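Please look through the sequence and the model below before reading on. The report that follows moves from single elements to the chain as a whole.

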Amino acid sequence: MRIVSGIQPTGNLHLGNYLGAIRNWVRMQDEFTAQGHECLYFLADLHAISMPHTPADLAANTREMVAALVACGIDPDKSILFNQAQVPQHAELQWLLNGTARMGWLNRMTQWKDKAGKNREGASVALFTYPVLQAADVLLYQATHVPVGEDQKQHLELARDIAQKFNNDFATEAAPVFTLPDPIIPPEAARIMSLRDGSGKMSKSDPSDMSRINLTDDADTIMTKIKKAKTDPEPLPSEKAGLEGRPEAANLVGIYAAMAGTSIEAVLGEFGGSGFGRFKPALGELLVDRLAPINARFVDLRQDRAALDTILAKGASRARALAVPTLERAYAALGLVRG
Ligand code: ATP
Ligand code: MG
């Protein structure tokens with residue numbers, strides 16, 4: 001098995017990013033590499049230029065994301081961790097696949113429709129061809145399995161369609177160029193809400209820093225933010241149904257369960273009937289306890305640019321070695337002369 005997954009580089013990482021995205025990568029790494037499978041994890045910096053962006057931020061966020069991933073448990077010796085821009089085979093294969101992908105297929109992509117909105121004429125060509133680059137990202141490595149959330153299912157289907165058409169048009173059944181990747185549904189990811197408003201999600205773009213726990217927050221800051229988190233005056237219920245209509249309480253209990261690796265029911269079993277005066281300090285301490293080692297490594301690593309660049313360079317070189325044979329076969333299949 002070979003698992004390939006990408007994430008866009010972002011800065012100002014918070015608890016939502018950790019519990020909703022990064023932690024799943026760590027879990028998959030630990031589970032799959034222990035069984036002798038390979039995990040390739042990349043930062044989708046080439047994808048990031050499909051929307052308006054600030055170059056200095058992209059570079060900083062790419063390094064910041066590596067620091068966060070490693071601090072959270074991605075081991076660059078176990079997984080192949082790299083950024084697309086250092087593996088030019090991604091962009092090369094995309095161009096080759098552009099000959100196979102159909103306008104009609106891309107026109108049907110809901111992400112394109114959502115992100116371009118009414119301003120299709122003003123959208124970048126990269127935003128339109130984004131799913132073809134995604135297909136290249138996984139086909140380049142003969143990925144057998146790709147973790148996909150609900151929103152990316154359609155793009156994986158497209159990658160399979162492109163691979164199948166390319167194989168049909170330019171290869172033989174006995175020697176296909178590309179493997180058709182299967183989706184794997186990642187373990188259920190927690191959706192973490194804002195500490196100030198249980199109906200909005202925790203996000204780096206929320207102007208209030210009190211709305212989120214950042215991976216850079218120290219213990220005192222975490223305790224203060226939890227203490228000041230919005231709640232209601234009722235004690236916690238003993239049953240999950242009692243959290244209905246209480247989004248702030250549900251969010252805090254959800255954070256506790258996700259962080260402790262237990263169920264909502266188990267948390268309510270322990271804290272049902274208690275007020276927030278008891279629950280909040282317990283939650284704060286749990287967060288400090290679990291985030292302190294991550295925070296220490298993250299704060300350390302993010303200022304060590306040389307170490308981060310070494311991690312990326314090493315990952316990219318391993319990725320290139322895996323990518324080149326497939327890319328060469330694709331060139332040859334298309335009749336492109338490579339000397
Ligand atoms: P923005 O406000 O700019 O959209 P963000 O805080 O939502 O930023 P993203 O960069 O959009 O962060 O997301 C990075 C990853 O983290 C994605 O996989 C996303 O699903 C996940 N994620 C972001 N916020 C949360 C959250 N509150 N709960 C769970 N997962 C989250
Ligand atoms: Mg977001």
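## A bent helix and its surroundings

Helix 13 bends by about 35 degrees at A323, and a proline, P325, follows within four residues. The bend at a residue is the angle between axes fitted to the seven residues ending there and the seven starting there, while helices (H or I, at least four residues) and strands (E, at least two) are DSSP runs, numbered from the N terminus. This is a predicted model, in which local features need pLDDT of at least 70 and side-chain atom pairs count only at pLDDT 80 or more, whereas totals for chains, interfaces and linings use all residues. Residues are numbered from 1 along each chain as its sequence is written, and chains are lettered from A and ligands numbered from 1 in the order in which they are written.

Helix 13 covers residues 305–333, and at 1.5 Å a residue its 29 residues should span 42 Å, which agrees with the 41 Å between its end C-alpha atoms. The expected span of a helix is 1.5 Å times one less than its number of residues. Helix 8, which covers residues 153–170, can be checked likewise: its 18 residues should span 26 Å at 1.5 Å a residue, and its end C-alpha atoms are 26 Å apart, which agrees.

Which residues of helix 13 are buried? They are I311, L312, G315, A316, A319, A323, L327 and A330, where a residue is buried if 20 or more other C-beta atoms lie within 10 Å of its own, exposed if 12 or fewer, and partly exposed in between, with C-beta atoms placed from the backbone. An α-helix has 3.6 residues a turn, so residues three or four places apart point the same way. The cover over the buried residues of helix 13 includes strand 2, helix 3 (55–72), strand 3 (80–83) and helix 4 (89–98). Just after helix 13, G335 takes a positive phi of about 85 degrees.

In helix 8, the buried residues are H155, L156, L158, A159, R160, I162, A163 and F166. These buried residues pack against helix 4, helix 5 (103–107), helix 7 (125–139), strand 4 (145–147) and strand 5 (182–184).

## Paired strands

Strand 1 (residues 2–7) and strand 2 (residues 38–43) pair in the parallel sense over six bridges, and two strands are said to pair if DSSP finds at least two bridges between them. Between these two strands the chain passes through helix 1 (residues 15–34), forming a β-α-β crossover that is right-handed; this means that, with the strands pointing away from the viewer, the path from the first strand over the helix to the second runs clockwise. Within this pairing, I7 has L43 of strand 2 as its bridge partner, and G6 has F42.

Strand 2 also pairs with strand 3 in the parallel sense, over four bridges, and here L43 stands opposite N83 of strand 3. Five of the six residues of strand 2 are buried, so strand 2 is largely enclosed by the rest of the structure. E38 lies in strand 2, yet E38 counts as partly exposed because it has 18 C-beta neighbours inside 10 Å. Leaving aside neighbours within four places in sequence, E38 is in contact with R2 and I3, where contact requires that the C-beta atoms of two residues, placed from the backbone, lie within 7 Å.

## Two loop residues

Two residues that are not glycines are set side by side here.

| Residue | Place | Positive phi |
|---|---|---|
| N12 | loop between strand 1 and helix 1 | about 50 degrees |
| Q142 | loop between helix 7 and strand 4 | about 55 degrees |

N12 counts as partly exposed because it has 15 C-beta neighbours inside 10 Å, and Q142 counts as partly exposed because it has 18.

## The chain as a whole

How many helices and strands are there in the chain? There are 13 helices and five strands. With 339 residues, a compact globule would have a radius of gyration near 20 Å, and the chain has 22 Å, which agrees; this radius is taken over C-alpha atoms, and the globule rule is 2.2 Å times the number of residues to the power 0.38. Along its principal axes the C-alpha trace of the chain spans about 70 × 40 × 40 Å. Buried residues make up 37% of the 339 residues. Of the contacts in the chain with a separation of 6 or more, 75% are between residues 24 or more positions apart.
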